[in-house]
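Hi everyone, thanks for making time this morning. I have one structure to walk you through, so please have it open on your screens.

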Amino acid sequence: KLIIFSSIITMIVPLFALETHSTQELFYSYLKNDSDIRNLTIEAEKSQLSYDSTKLNNGFDITLSTGTIKLSTTGSNSSLNISGAGVTATVPQAQNLKLSTSTSMDITNGENQSSSTRLSLSADIISGNSITRKISLMKAERTLLEAKRKLENAALTAEKSFYNELKSLLNSTSSLITAESNLYKDTIDFESTKAKGYSTSSSTYRLAQMKVISDQHDIESQKRELARDYMVFYKKCGLEITLDENTDFYSLIPTDLQKVTALNIEDFDADKFSTTEKALWNHEINSLSRSAEKNFTLSANGGYTFKTAGDTVDAGLSSTIGGVNLSAGISVPVSGESKDPTYTLSATISPMTFLKNKNKQKTNDLTEEQELLEIENARSEYETTVMEKKQKLMELDWTKSTNQESYEMYQELEKEMKQYYQQGIIKESEYRSAEGNAKNYKVKLASNEIDYIIYNNELQTLFVNE
């Protein structure tokens with residue numbers, strides 16, 4: 001019997017020691033080799049550049065122009081014509097303020113035949129341009145924020161994937177320990193069958209023998225699969241290792257798993273629940289867009305024109321009221337022969353615009369109602385999620401508590417059984433059974449710690465950061 005057990009021990013006792021890495025080292029290597037994270041990091045950098053460009057496009061701008069310069073010569077005569085030269089500066093954040101200068105001149109044989117320089121200033125009094133600019137900046141900022149959030153969530157997703165794979169390896173290790181315990185038990189039964197004198201051709205003998213052989217094959221198969229799974233896992237961590245059926249898989253159970261405190265879902269801001277936050281954002285940005293669609297606008301402009309024939313002061317107003325466009329202007333001479341002002345008036349009307357605006361307003365009202373409904377649904381989803389997560393945490397706490405109690409019990413039992421076995425009071429199978437149970441619950445406790453890490457991970461992905 002001692003010879004038989006020696007052969008069994010030779011098969012399952014570790015003959016291969018793996019140079020292990022800390023769990024944190026493996027995790028950081030796992031993140032480093034995650035292509036999604038690298039790709040999203042690049043996307044976040046691109047979004048930052050896009051946001052910077054949007055701020056430039058919606059900020060102070062100045063344009064310098066030489067205009068069109070035309071030089072011609074005919075015999076002893078020469079002429080120089082300049083048109084459209086000037087400077088234009090815009091300040092969108094100051095009521096869409098715009099300052100421009102424009103110069104034209106005609107010089108023949110060195111003499112100025114005519115020239116015109118115009119200075120003008122315009123600004124919006126009532127319009128949706130400032131809101132439109134704000135919306136453009138907010139959308140660009142939102143795109144950047146979402147790119148950063150995607151990167152953060154990708155890291156959390158990779159962390160969850162890492163620990164799920166590690167937990168799967170632990171579950172496989174637990175199955176292997178159970179299979180080894182079954183082999184001990186079935187081997188004892190087989191030895192008992194032989195001791196009772198059953199012939200090798202009897203069904204009882206052959207059935208007991210087949211159980212042992214089947215157990216051996218099962219253990220060999222599980223070890224090969226576990227070795228393969230570990231090598232694939234380490235490969236994902238950017239590490240090359242070689243394992244076989246002689247590897248001590250029990251020694252690979254991580255003992256440095258961080259013991260995390262479970263997060264309380266009620267400590268998170270309910271409005272930062274990702275679904276709620278998105279619904280609130282959509283309502284905010286769409287409300288701004290609707291407010292930018294004004295049926296009444298008013299803008300003013302003024303300027304001073306320098307001309308060879310005489311200077312003028314210019315002013316004007318333009319307005320939109322529903323489907324009516326109105327504009328009025330005045331130009332008052334301040335030098336030259338003429339002293340009479342010039343007036344300009346114009347009006348256009350589009351009757352269909354009134355009907356379109358009415359339909360647009362009804363559509364906007366319905367759209368806003370839908371947005372408010374989305375917010376309501378999101379808050380309801382939050383309440384359901386809170387209940388589910390609190391229940392999940394209670395289950396995790398209960399499982400950890402029962403596994404801890406069982407582990408301490410089997411650990412103590414394993415120590416006692418080892419002494420009894422060494423004293424010859426009990427069979428080796430009884431000791432190995434207690435040892436296997438203690439090992440199994442050690443694996444379960446490690447899995448419990450991973451469950452808390454994954455729980456916190458999932459909780460964090462449900463909410464967004466600022």
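I'll start with how far we can trust the model, then go through its overall shape, its strands, its cores and two single residues.

So, trust comes first. What you are looking at is a predicted model. The mean pLDDT of the chain is 85, and 94% of its residues reach 70 or more. Where does confidence drop to its lowest, and where does it peak? The lowest value belongs to helix α1, residues 2-12, with a mean of 36, while helix α5, residues 203-236, has the highest, at 93. Please also look at residues 1-19, where pLDDT stays under 50. The model still has 32 contacts for that stretch beyond four places in sequence. Here is the caution to keep in mind: where pLDDT is low, predicted coordinates should not be read in detail.

Now let's zoom out to the whole chain. By way of inventory, there are eight helices and nine strands. If you rotate the model, you can follow the C-alpha trace over about 140 × 60 × 40 Å along its principal axes. How does the radius of gyration sit against that of a compact globule of 466 residues? Such a globule would come out near 23 Å, but this chain has 41 Å. Of the 466 residues, 33% are buried. The chain exposes about 27,700 Å², and 53% of that area is supplied by carbon and sulfur atoms. And if you take the contacts with a separation of 6 or more, 68% of them link residues 24 or more positions apart.

On to the strands. Find strand β3, residues 77-91, because we'll look at both of its partners in turn. Strand β2, residues 68-74, pairs with β3 in the antiparallel sense over seven bridges. In that pairing, T68 stands opposite S83. Strand β2 is hardly covered: the count of buried residues among its seven residues is zero. With strand β4, residues 97-108, β3 pairs over 11 bridges, again in the antiparallel sense. One opposite pair to click on is V87 and T101, the latter in β4. The hairpin of β3 and β4 has five residues between the strands, and in it Q95 takes a positive phi near 55°.

Further along the chain there is another set of strands to trace. Strand β6, residues 296-307, and strand β7, residues 312-321, run antiparallel and are joined by 10 bridges. Here F296 stands opposite I321 in β7. Strand β7 also pairs with strand β8, residues 324-333, in the antiparallel sense over 10 bridges. For S319, the bridge partner in β8 is L326. How many residues lie between the strands in the hairpin of β7 and β8? There are two, and G322 takes a positive phi near 60° in this hairpin.

Next, the inside of the molecule. The largest nonpolar core has 34 residues, and those touching the most other members are F162, Y163, L166, Y230, F233, F249 and I450. Which elements give two or more residues to this core? They are α2 (23-32), α4 (129-195), α5 and α8 (428-461). Of these, α4 gives the most, with 10 residues. Let's pick Y230 and see what surrounds it. Leaving aside neighbours within four places in sequence, Y230 is in contact with L169, T173, I241, L243, F249 and L252. Apart from the largest core lies another one, of 10 residues, with L396, Y452, Y455 and L459 among them.

Let me finish with two residues that you can find on your own screens. The first stop is I285, in helix α6, residues 274-292. Is I285 buried or exposed? It counts as buried, because its relative accessibility is 5% and the cut-off for buried is under 20%. Beyond its neighbours within four places in sequence, I285 is in contact with I135, M138 and K139. Its C-alpha atom is separated by 9.9 Å from that of S136, although I285 and S136 are 149 residues apart along the chain.

The next stop is N437, which you'll find in helix α8. Why do we call N437 partly exposed? The reason is its relative accessible area of 25%, since partly exposed covers the range between 20% and 50%. N437 and S174 are 263 residues apart along the chain, yet their C-alpha atoms are separated by 9.6 Å.

That's my tour, and I'm happy to take questions.

Notes
Residues are numbered from 1 along each chain as its sequence is written. This is a predicted model: local features need pLDDT of at least 70, side-chain atom pairs count only at pLDDT 80 or more; totals for chains, interfaces and linings use all residues. Side-chain values use heavy atoms; hydrogens and water are left out. Two strands pair if DSSP finds at least two bridges between them. Helices (H or I, at least four residues) and strands (E, at least two) are DSSP runs, numbered from the N terminus. pLDDT is the predictor's confidence in each residue, from 0 to 100. Contact means heavy atoms within 4.5 Å. A nonpolar core is a set of buried Ala, Val, Leu, Ile, Met, Phe, Trp, Tyr and Cys residues joined through side-chain atoms within 4.5 Å. Buried means under 20% relative accessible area, exposed over 50%, partly exposed in between (1.4 Å probe, protein chains only). The radius of gyration is taken over C-alpha atoms; the globule rule is 2.2 Å times the number of residues to the power 0.38. Accessible areas come from the Shrake-Rupley method with a 1.4 Å probe; for residues, only the protein chains shown count as cover.
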